[in-house]
Amino acid sequence: VWQIDRDNGVIIEDWLCYAYYGGMAYCGVRQFDEARRLFHRCMHTPASAASAVALAAYKKYVLVSLIVDGKCNTGSLHLPQALEIVLPRHAEAYADLAAAASGTPLPSETRRNKRGKRHGGGSAAADNDNDADDDAAAAANGEARAACSSTAAAVAASLDAPLSPLERVALDYASVVARDGNLGLLKQALVAEQRVKVKRQTKTYLTMSLAAIADRAGVASEAAVERLLVRMVASGEINAKISAKDGMVAFADACAAFGDAAHLAALNERIARIAQLGADMERLEKELELSPALLKAQIVQESEADALAASMALDAD
């Protein structure tokens, strides 16, 4: 989308919905990079008040980032202030999930500790009320927690490893995520967690031992990490060769992925898209340079500057 024609009745909510539902469509076909790009645009749309659509886009952005990169640095998003204000109250679960994946303290615990220091702990009646609320929530959350638990347990069993911090936090917030309609994305993030950690090693090392990969990816045994690598090679996620003799893994150069006609065609298509993007940006720049509104604003700004300079000269005299 390069231009929005307001004369045809298009309003900001239409753009928000376009970006949000476009991201959901890309999630449906597992093009998570494109989905994240649209969610990013949606939640960064300038606004003077928080939008439910932008808030929903933020929640999906966090989960899609976990699927793609295994982490999401929510502190560097630089969101509009109106959206930033409502996040601690309405998206606490997602901030905690991002923090757990990054190995940083959970924002909810940090805020809770600060409140505890300020108020000195609270009364027994309040504790009883909280216990009652917790019991009711636990009863209502059973189904979502079970669905998330089965996914986390399956991942842990396949890798011979205990639950990771992300999996433990995911179990705590399973009902909240399910209520938002994002449980499917969360389950995919749990499945992708170890695979992303393995992918990260291919960007740093040319060869590694199975033991080193298992240690860095949080997998309990060499046999488990070997099974994971075989699945990733078979699905085309990485290019690697495993030596059965010494247990070393050699990661192939990324260019090796473009060894057939289909991959070359995809590469050519991406190059064409980038060239088209450059042409579109150049066209927009020329349109802005000749925009009557921009030229008028420049003239007004120059006139005001000249008037201010003349006024200062008179005062000096």
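Reader: Which helix is K59 found in?
Author: Keep in mind that this is a predicted model. In it, K59 sits within the stretch of residues 52-69. That stretch is helix α3.

Reader: Is K59 buried or exposed?
Author: Residues count as buried under 20% relative accessible area. K59 has a relative accessible area of 10%, so K59 is buried.

Reader: Which residue has its backbone oxygen 3.4 Å from a polar atom of the K59 side chain?
Author: Let's start with what K59 touches, leaving out residues up to four places away in sequence: H90, A91, Y94, D180 and N182. One of these has its backbone oxygen 3.4 Å from a polar atom of the K59 side chain. That residue is H90.

Reader: How many aromatic pairs turn up in the whole structure, and what kind is the one formed by Y20 and F39?
Author: Searching the whole structure gives three aromatic pairs. For Y20 and F39, the ring centres are 6.0 Å apart and the planes make an angle of 50 degrees. Planes under 30 degrees apart would be stacked and over 60 edge-to-face, so this pair is tilted.

Reader: What parts does the pair of Y20 and F39 tie together?
Author: Both residues are buried, and they share one aromatic cluster with Y21. Y20 belongs to residues 12-28 and F39 to residues 32-43, so the pair links parts 19 residues apart in sequence. Those parts are helix α1 and helix α2.

Reader: Which residues make the nonpolar surface patch of about 230 Å²?
Author: One of them is L267, in helix α14 (residues 261-289). L267 counts as partly exposed, at 30% relative accessibility. The full set making the patch is L264, L267 and I271.

Technical notes: Residues are numbered from 1 along each chain as its sequence is written. This is a predicted model: local features need pLDDT of at least 70, side-chain atom pairs count only at pLDDT 80 or more; totals for chains, interfaces and linings use all residues. Side-chain values use heavy atoms; hydrogens and water are left out. Rings of Phe, Tyr and Trp (its six-membered ring) pair if their centres lie within 6.5 Å; planes under 30 degrees apart count as stacked, over 60 as edge-to-face and the rest as tilted. Helices (H or I, at least four residues) and strands (E, at least two) are DSSP runs, numbered from the N terminus. Buried means under 20% relative accessible area, exposed over 50%, partly exposed in between (1.4 Å probe, protein chains only). Patches are made of residues with over 30% relative accessible area and no salt bridge: like charges are joined within 9 Å, nonpolar side chains (Val, Leu, Ile, Met, Phe, Trp, Tyr) within 5 Å. Accessible areas come from the Shrake-Rupley method with a 1.4 Å probe; for residues, only the protein chains shown count as cover. A salt bridge is a side-chain nitrogen of Lys or Arg within 4 Å of a carboxyl oxygen of Asp or Glu. A polar contact is a pair of N or O atoms within 3.5 Å; within protein, one must be able to donate a hydrogen and the other to accept it, and residues adjacent in sequence count only if both atoms are side-chain atoms. Contact means heavy atoms within 4.5 Å.
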